[in-house]
Protein chains: 2
Amino acid sequence: MSPKITTELLKQLRQVMKNPRYVQEPVQAYIVPSGDAHQSEYIAPCDCRRAFISGFDGSAGTAIVTEQHAAMWTDGRYFLQAAHQMDSNWTLMKMGLKDTPTQEDWLVSVLPEGSKVGVDPFIIPADQWKRMSKVLRSAGHDLVPVKGNLIDTIWTDCPQRPCKPLITLDLSYTGLSWRDKIVALRSKMAERKVMWFVVTALDEVAWLFNLRGSDVEYNPVFFAYAIIGVNTIRLFIDGDRMMDPAVREHLQLDSTLEPEFKIQVMPYGSILSELQAVGAGLSPKEKVWLSDKASYALTEAIPKAYRYLTPYTPICIAKAVKNAAETEGMRRAHIKDAVALCELFNWLEKEVPKGTITEIVAADKAEEFRSQQKDFVELSFATISSTGPNGAIIHYKPVPETNRTLSVNEIYLLDSGAQYKDGTTDVTRTMHFGTPSAYEKECFTYVLKGHIAVSAAIFPNGTKGHLLDSFARSALWDCGLDYLHGTGHGVGSFLNVHEGPCGISYKTFADEPLEAGMIVSDEPGYYEDGSFGIRIENVVLVIPAETKYNFKNRGSLTFEPLTLVPIQTKMIDVNLLTEKECNWVNEYHQKCREVVGAELERQGRHEALRWLLRETEPLARVQ
Amino acid sequence: MSPKITTELLKQLRQVMKNPRYVQEPVQAYIVPSGDAHQSEYIAPCDCRRAFISGFDGSAGTAIVTEQHAAMWTDGRYFLQAAHQMDSNWTLMKMGLKDTPTQEDWLVSVLPEGSKVGVDPFIIPADQWKRMSKVLRSAGHDLVPVKGNLIDTIWTDCPQRPCKPLITLDLSYTGLSWRDKIVALRSKMAERKVMWFVVTALDEVAWLFNLRGSDVEYNPVFFAYAIIGVNTIRLFIDGDRMMDPAVREHLQLDSTLEPEFKIQVMPYGSILSELQAVGAGLSPKEKVWLSDKASYALTEAIPKAYRYLTPYTPICIAKAVKNAAETEGMRRAHIKDAVALCELFNWLEKEVPKGTITEIVAADKAEEFRSQQKDFVELSFATISSTGPNGAIIHYKPVPETNRTLSVNEIYLLDSGAQYKDGTTDVTRTMHFGTPSAYEKECFTYVLKGHIAVSAAIFPNGTKGHLLDSFARSALWDCGLDYLHGTGHGVGSFLNVHEGPCGISYKTFADEPLEAGMIVSDEPGYYEDGSFGIRIENVVLVIPAETKYNFKNRGSLTFEPLTLVPIQTKMIDVNLLTEKECNWVNEYHQKCREVVGAELERQGRHEALRWLLRETEPLARVQ
């Protein structure tokens, strides 16, 4: 990787920062956050403004350019990558290190008195604006919204905003019509005495209307907003997509409908003016519900006294609890995904010893096998295919410069997943195609113990996921080991592979309690810099648990693995497992045999079936 | 318990709420929080204003009186007690229930437009004021500070503020002179570029100056404030206490000292005016450090731009990490405490079958045995001595109306502790003096497994206590059981039995990471309403742990029990224990034998020694 040369670009940006054509008053600093107008985690190429101006294209980072400086804040996952991708115009600000100033503090330290700091109000979330603005104001500066993104003015070959066709999902996939979802949403609005709800997150728009798109890679979403009133529905979306007869019928655009279910389709770009009109027409006590992470621009459209902001919207919470149709879809998707991975691992077992399989080849082969499955749409994230020392880079993605050949002497870690029309998958398996060392097996077994501790945990209804995180670490901690990432994230149903409002992490975040029907990942790991990485990840469904007693009638929950891919027994030091853990592995493998075995059989994939049977032989503990 | 008749008192309070002698403008509501001007958990009789006005004397509760209403907010521990103690003038607001309004929301719903809500600015913490004031203002009301407490104006027989003699602690107890503590504090102030530090919490003043008092029952503290400058020390304290030659010498009041260690003694009541003078004299960039829980009155004395507020003060954090002298003192205190409890349980074993021992008699006997020990000062909290169904009331304290006789048919729970000059103890044991049922043993054993899971946990340096809470619950959760309180709290060294900034709880609070030298309690439980209560509590010291590996060179921690009192083996279903758990119990009991046995021997308490030896026979698991 050679760094991007940004001298000329920065010169241009600094010019437009003073150009009255673009800014009302000159700004002395301009902030370029990651993210788009919907605060998405994954973004479209046209929204990769921070990568364009700096060269650094990791998933998280904020650039700030002043007359004199250009600085980039990013976290530990990306220190190395950012340092490689940026030229000497840029200063890397390593977040999480003690001496690294916050963006606000840095701005205060470098700006001349009474400076204006500009930012695109559509890109910055309202809560971030508030925090930043407060600090800047108390130091005598001003955070100002700059209409029209300044990067766009100098990005001459900026790709167009994608506007791909939509997919309609019928009841067999969604379990609930969009009309019923609107009814449920309006009842939540009534509970909170709210008159309007603004849908700003792309996956929330997609879920609400039972539509999917492909505007953003890996995430089956499309650029749109919606405003739901107590008897109006406005959908803000561009392009010919609304001319598609299937979409028109799905949304009943041409039917005679009760007025409260009539969808008014409006241009994507008119959201702000429409919302301002809503804001201007409010009577006292009429509130508008927005996520507190919605953009500053949209939040400001509603006068402060009329805003009702929450960290999680009612759609976010409803979307997280999968209904029967969604759960069944997720099960089907995971069985197909397991078939693809049995094929892959069987193939790797034969090919790796020949010394011709690289990380990229393996990743491509995984995609090939997945694409053979019914209702396959695309991958759900960039495949992490890593062998040996590359496995220790937690967010590794093989590129030609780093591409390593799989061998019988190194651990191979594959974290991959797909979007099927009936569900989203995300699975990590760690394999050895030769003979693992005792130490590698020991570490793998601690990770497995942590994985089982979460997966088999029984906990009361109302428990938040973060209370389970230590279970995943306990076996590692006992030996002085640990891993520096969370244990699990919410998973969408043919939607984003990362979704709120629940998760399993040591980081204190305002997660919502786990409830039956929620789906999360369980993925502890262990990474040894320069040597290897181990991670074992299943997607698991929260289900009710039967318990001997039932304190205060609260009921209990546990997890059911949806992922059904063998865990390599060769990597397990069975003497480190308790009897209960050993039984868990054997029962899990028995289920893989039964469920995935039947599907392999049905698909006539006999060699992969034989591999599955070999890999799922019961473990036996020495008593 | 018959309720307190408050009709006349409420009438008087409503009169002073409008009386220009006491309020600048009439207030339509008056808030009476728990707590004193130091935001103490335990308060002196003169500060029990909420109990005076309402009759409800639980440890937590806030009263609000308006022209029409009188309402009391308290939590689940006190619903029953509050309902019994208050007459029909009062409405009980059950905190934690879904339909219970917050104080702010309730005020907004009952007050006429443009109301004034009064509160004593010394009693309300600044962070609470801020939250409440914001909500009230946005609804058109005003939160106003009322100088002079309105309850005091109608409390004709209000007891005097205590002003008891002080105890000086020498280096053998404290390990660090007050001068060295001031030096360390000033270095923390320099790190944060702060010019002044205001000590508002009573235990922080006591710790800083190596003094103890007895102004508040159970807490060896005294009413005082301090303001520490970069070269001044002001101590605000009343009474003849500063005439005591021992105190004068301890504080070197009459010595020729470097000016920066010269203590200026000032009247307790002059803190506000002195702090206002400090506030008025600040140059730009000179900051004043206060706890964000300090009173609104003191916080307001410093102009906003000059305040430096943190949830935990540097004293709170330094105080939590015990030095070698303090740790040794805590060890000694716990050995003496164990001697007293061995005597008690031996005595109970003989006396209970006679049917004459009540909860109060047992509690008094525990105090008697403790008071025989060297350097005993007082109890560290009101003894929870509870048998049968009373054990299920988590914060039970026996009174004549509830006093129950111990018997061979019921479980007995004793949660008690003492202040010794060398340390503070807090221990809970659950005993059966007859034959426990299989179910009682089962529940006890789950609680024990949770206790051991925390006590034996190994975790990385930097781990926060709340991440360990689920370990204590896992065995209970597996069977559908749980307990509705936290697992542990910080414990002071001859100071408050509850102290910050660490603890072990499922409640997300901003606890500081555990570090070697911190001392917390480990006290899981199980409570069955109407039947019995089980709790097993040790005070444990955070110590470095030896581990096989050492990830990122972070180092690991674990706990060492300071409490050395046998855990009744009769209550244990040994077949529910793992081998590791069984070994833990046997090693713990072996240590009790060695350490406490030697002390019992030394004190010539041979019968109690024989009891100890009987109670610490090793467990044997059926293989």
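# A walk through the two chains

Start in strand β23 (residues 499–504) of chain A, which is where Pro501(A) sits. Helices (H or I, at least four residues) and strands (E, at least two) are DSSP runs here, numbered from the N terminus. You are looking at a predicted model, in which local features need pLDDT of at least 70, side-chain atom pairs count only at pLDDT 80 or more, and totals for chains, interfaces and linings use all residues. For finding your way, residues run from 1 along each chain as its sequence is written, chains are lettered from A and ligands numbered from 1 in the order in which they are written, and side-chain values use heavy atoms, with hydrogens and water left out.

**Stop 1: strand β23 and the loop before it**

Select Gly500(A) along with Pro501(A): the peptide bond from one to the other is cis, with omega near -5 degrees. Now hop to chain B, where Gly500(B) and Pro501(B) are also joined by a cis peptide bond, with omega about 0 degrees. Pro501(B) belongs to strand β23 (residues 499–504) of chain B.

Back in chain A, pick Phe494(A), in the loop between β22 (488–490) and β23. Phe494(A) is not a glycine, yet its phi is positive, about 45 degrees. For context, most residues other than glycine have a negative phi, and most peptide bonds are trans.

**Stop 2: the two chains together**

Zoom out and show both chains. A turn of 180 degrees and a shift of 0.2 Å along the axis lay chain A on chain B with an RMSD of 0.1 Å; the fit is by least squares on the C-alpha atoms of residues with pLDDT of at least 70 in both. That is how a two-fold axis relates its copies. The same surface is used by both copies, with 97% of chain A's contact residues recurring in chain B.

Next, select the contact residues (heavy atoms within 4.5 Å). You should get 35 residues from chain A and 34 residues from chain B. About 3000 Å² is buried between chain A and chain B, and carbon and sulfur atoms give 59% of it. Buried area is the accessible area (1.4 Å probe) that two parts lose on being put together, summed over both. Show side chains for Trp477(A), Tyr549(A) and Phe551(A): these lose the most area to chain B on the chain A side, together 23% of what that side buries.

Which charged pairs cross over? There are 6 salt bridges across the interface of chain A and chain B, a salt bridge being a side-chain nitrogen of Lys or Arg within 4 Å of a carboxyl oxygen of Asp or Glu. Try Lys552(B) with Asp529(A), which form a salt bridge whose closest N and O atoms are 3.1 Å apart.

Polar contacts come next: 14 residue pairs across this interface, both at pLDDT 80 or more. A polar contact is a pair of N or O atoms within 3.5 Å; within protein, one must be able to donate a hydrogen and the other to accept it, and residues adjacent in sequence count only if both atoms are side-chain atoms.

To see what chain A brings to the contact, colour α16 (438–455), β21 (459–460), α17 (469–478) and β25 (525–528), the elements that give two or more residues to that side. Of these, α17(A) gives the most, with 5 residues.

**Stop 3: domains 1 and 2 of chain A**

Hide chain B and colour chain A by domain: domain 1 (6–154), domain 2 (167–319) and domain 3 (321–615), with bounds from an automatic or database domain assignment. Between domain 1 and domain 2 of chain A, the C-alpha centres lie 30 Å apart. Their contact takes 17 residues from domain 1 and 21 residues from domain 2.

Together, domain 1 and domain 2 of chain A bury about 1400 Å², 64% of it on carbon and sulfur atoms. Select His38(A), Tyr42(A) and Phe122(A), which lose the most area on the domain 1 side, together 43% of what that side buries. The salt bridge count between these two domains is 0, while 9 residue pairs are in polar contact (both at pLDDT 80 or more).

**Last stop: a pair to pick out**

Finish with Arg49(A) and Asp152(A), a salt bridge with the closest N and O atoms 2.7 Å apart. Arg49(A) lies in helix α2 (residues 49–54) of chain A and Asp152(A) in helix α6 (residues 150–154) of chain A, so this pair ties together parts that are 103 residues apart in sequence.
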